[in-house]
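Student: I have a new structure open and don't know where to start. Could you walk me through it?

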Amino acid sequence: MISFHNFSFQYQKLTEPTLRNINLDIRPGEKILIAGPSGSGKSTLAHCINGLIPFTYEGKLEGTMTLHGESTTGKSIFEISQSVGTILQDLDGQFIGLSVGEDVAFSFENDGVPRAQMKQEVERALTTVNMLDYIDQSPHDLSGGQKQRVSLAGILSTQADILLFDEPLANLDPASGKQAMKMIDDIHQQTNKTIIIIEHRIEDVLEQLIDRIVVMSEGEIQAIGTPDEILSSDILRKHGLREPLYIEALKYAGCELSAADELTQLHHINVPKFENALTSWYNAGTASTSSPSKQPLLDVQNVRFSYDGEHEVIRGVSFQVQTGEIVALLGNNGAGKSTLSHLIMGIVRQSSGEIRLQGEEIRNWSIRKRGEQIGYVMQNPNQMITQHMIWDEVALGLTIRGVSKETIDAKVEHILRICGLYPYRNWPISALSYGQKKRVTIAAVLAMEPKLIILDEPTAGQDYKHYTEFMEFIAELARTGLSFIFITHDMHLALEYTDSAVVISGGEVIANDKVASVLTNAEVIERANLKETSLSVLARVIGLPSAEGFVQHFINYEKQVKHHE
Amino acid sequence: MSKMGTLYAPGNSIFHRMDGSVKMLLFAAWTIATFLFLDLRVFVVMLLVGLGLLLSAKIPFRRIRVIFWVMIVFNVFNTAFILLITPTYGSELTGTSTPVLNIGYNTINLETLFYVLTLTTKYITLLPISLLFIFTTHPSQFASSLNRIGIPYKIAYAVNIAFRYIPDIQSEFRSITNSMQMRGIGFRKGDAPFIQRVKNVTSIAFPMLYSSLQRIEVVSNAMELRGFGKHRRRTWYHMEKYQGIDYLVGTLSILLIAGSIWMKVSVLKGFWYPL
């Protein structure tokens, strides 16, 4: 179906090839996962498959790529897009129509299909993905999972027999991600189209059956195999990818894994083989050290807020953040997480309730005054950076405060050293990677010497390796007494790096506890669109006494391992 | 702004059902008619008809409030400037001069006051029909109408897309300024000296530009992957066949143009001054 033979590609502007010596055959009706860390070339490979390379991104191609047995050289992007339908990562950016119906109709319009027939086809495509009721709505009013259904309908309407999903889970909360994978699987079974999924969140993709995994790193294919083969080896970890948590747990417990153990399907896992090792590993776990009670830094008490004076979006929220604590603010899209952070930052003011910082009510503080104590780091660093040079960016807030030049120089140097950016101090920011830019934004906020930093989706857009580096850095800062709030729907992040979790749903706090107990509480998981972690499923399948205890042990163990590395 | 990110106010009046290209024709005819005359009688009639049409479309007032007040303020300023700069201009049109108010360096006369009244009514005459056109035309329908009257569909679509991104850019601007304020960078009066504030606002241009470029890349890839530009012609999901009302209004518009030219040439040649 798709075949690469000794294929290489080099972008026009780069001096090194991004893809090297790719040999890959994708068979008709196959469901294949292409995984790799950022910069591994997996997106470039996707662009080669859907024709954006070489039509939009120019460069030097070597070797051959064939589609349905024909070489793609000389074909137009339109011919290729007739066989390959792509669903892009950026769910909002790819909507073209102003209503759901119009968006699905887009490729019909371009094909010049008469209007009456177009309407019928659109309705049929929307029925397939179960979204017909939303035909006249704006795509922007839909939830993440619904958006994905609509873009899928838009692609299904083209009759393409290959569906390419570019990071389909990137912007979805855990439950929607799970549904999305289920939907892809349903489409696969109904239509038997070839499915190619590009993702680095391997655990979530593997919830549904996958035929083969292609592991990419540094522009080359490192391994191709069935999920069982890949999971039983060390390939993922070796190439900076995250293994499923339960696989990590099995490895920590010292289990020997082999491809015959049905590792992919947790419910059918080879229980007798792993039972003893896991039980003894679990029993060896020491009770978690309870952290000594500290000073509450931020105290939110019974805060209420509505935008229009009628519909309350925040309904009596209370929680505390201690000095040096990392708190995860979890919840589904639209639960009120952003509004809550806006309340803390002073962008909007509560209608009742109190927000105290070190005991002082801050209701009448301006955004700028709060900014001296509370830092805020946006999800996308490109939206925060305004200067050309790293040094200037970090110094910006201090310069505006009117601090003397000597003090600024000393402070900026100190902060750049802490953040590991000192070697780059005179670089233009545009030369940095995404993760490094993210550090620059943290450095710029640190320069203001806040006591609390709010991080919006701190790990978005970063692969496991960069994510780990970045989070270790944050954990280090927390040990110096800085507090953090993470606004996130990344459950792995919450598991590993936060002390407690506040779960919001419908503008109310539905749980406020240790992460391990929140993420093993079925009711909370259901209401907040979270997902049961595979660790607690494993604990259940094996028959361990307490899922929560197992998860807690895993977290403690992992912290120790990371600390020694 | 509606959530769709456009000025479109959904509804089911005659104007909502009318094809965009016919509305454009009506708008053009109305504008031509207005600019041909300098006659208060014509404007009063047109204004009343226009207001009647506007009311029939049932656009909620709060949606049009901003544009409405902008027009009023513009008119007030316009009137004031004409009166202050050329307080006797009316006399040049009528040949008479009836002093009303002495403003030191000159005297405002009755002729000029009447001229200003006529001019203001002229501008306001355009208001209802512009509002109708803007608020009852779905942007996608507008794009298909542009294409229907012969504008290449790529350009028509670009117009559509540009409208679509206005709200995204607004919300992005807000979130960027918020994060800047958290870092002590002032945008509001009293936060910093004026020059500094201007500098602060311009510094946002950098991240805004960056993200716009990214946005353009994503959407143009998405469009290309779904076959935009494949053929020389395309069809439109939102293009309706012309209905009876479209033919009727189209014909009336052309009659309006023809009629007003005839009136201008043979009946109401110049500035009407009854006093």
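Tutor: Let's take it one feature at a time, keeping in mind that this is a predicted model.

Student: Okay, how many helices and strands are there in chain B?

Tutor: Start by counting the elements: chain B has eleven helices and two strands. Then look at their order: the pattern along the sequence is α-α-α-α-α-β-β-α-α-α-α-α-α.

Student: What radius of gyration does chain B have?

Tutor: Set the value beside a reference. Chain B comes out at 24 Å, whereas a compact globule of 275 residues would be near 19 Å. You can also look at the principal axes, along which the C-alpha trace of chain B spans about 65 × 60 × 30 Å.

Student: And how much of chain B is buried?

Tutor: Here, buried means under 20% relative accessible area. In chain B, 45% of the 275 residues are buried. As for the surface, chain B exposes about 14,400 Å², with 70% of that supplied by carbon and sulfur atoms.

Student: What about the charges in chain B?

Tutor: Chain B carries 27 positive and 11 negative charges, and the mean positions of the two sets are 5 Å apart.

Student: Which residues of chain A does the "domain: ABC transporter" annotation cover?

Tutor: That one comes from a UniProt record, an unreviewed entry, and the annotation covers residues 2–243 and 298–531 of chain A. Now compare the two spans yourself. Residues 2–243 are 38% helix and 25% strand, with end C-alpha atoms 28 Å apart. For residues 298–531, the figures are 37% helix and 26% strand, and the end C-alpha atoms lie 28 Å apart.

Terms used. Residues are numbered from 1 along each chain as its sequence is written. Chains are lettered from A and ligands numbered from 1 in the order in which they are written. This is a predicted model: local features need pLDDT of at least 70, side-chain atom pairs count only at pLDDT 80 or more; totals for chains, interfaces and linings use all residues. Side-chain values use heavy atoms; hydrogens and water are left out. Helices (H or I, at least four residues) and strands (E, at least two) are DSSP runs, numbered from the N terminus. The radius of gyration is taken over C-alpha atoms; the globule rule is 2.2 Å times the number of residues to the power 0.38. Buried means under 20% relative accessible area, exposed over 50%, partly exposed in between (1.4 Å probe, protein chains only). Accessible areas come from the Shrake-Rupley method with a 1.4 Å probe; for residues, only the protein chains shown count as cover. Lys and Arg count as positive and Asp and Glu as negative; His and the chain ends are not counted. The place of a charge is taken as NZ of Lys, CZ of Arg, CG of Asp or CD of Glu. UniProt positions are given in the numbering used here, feature names are shortened, and annotations may be inferred rather than shown by experiment.
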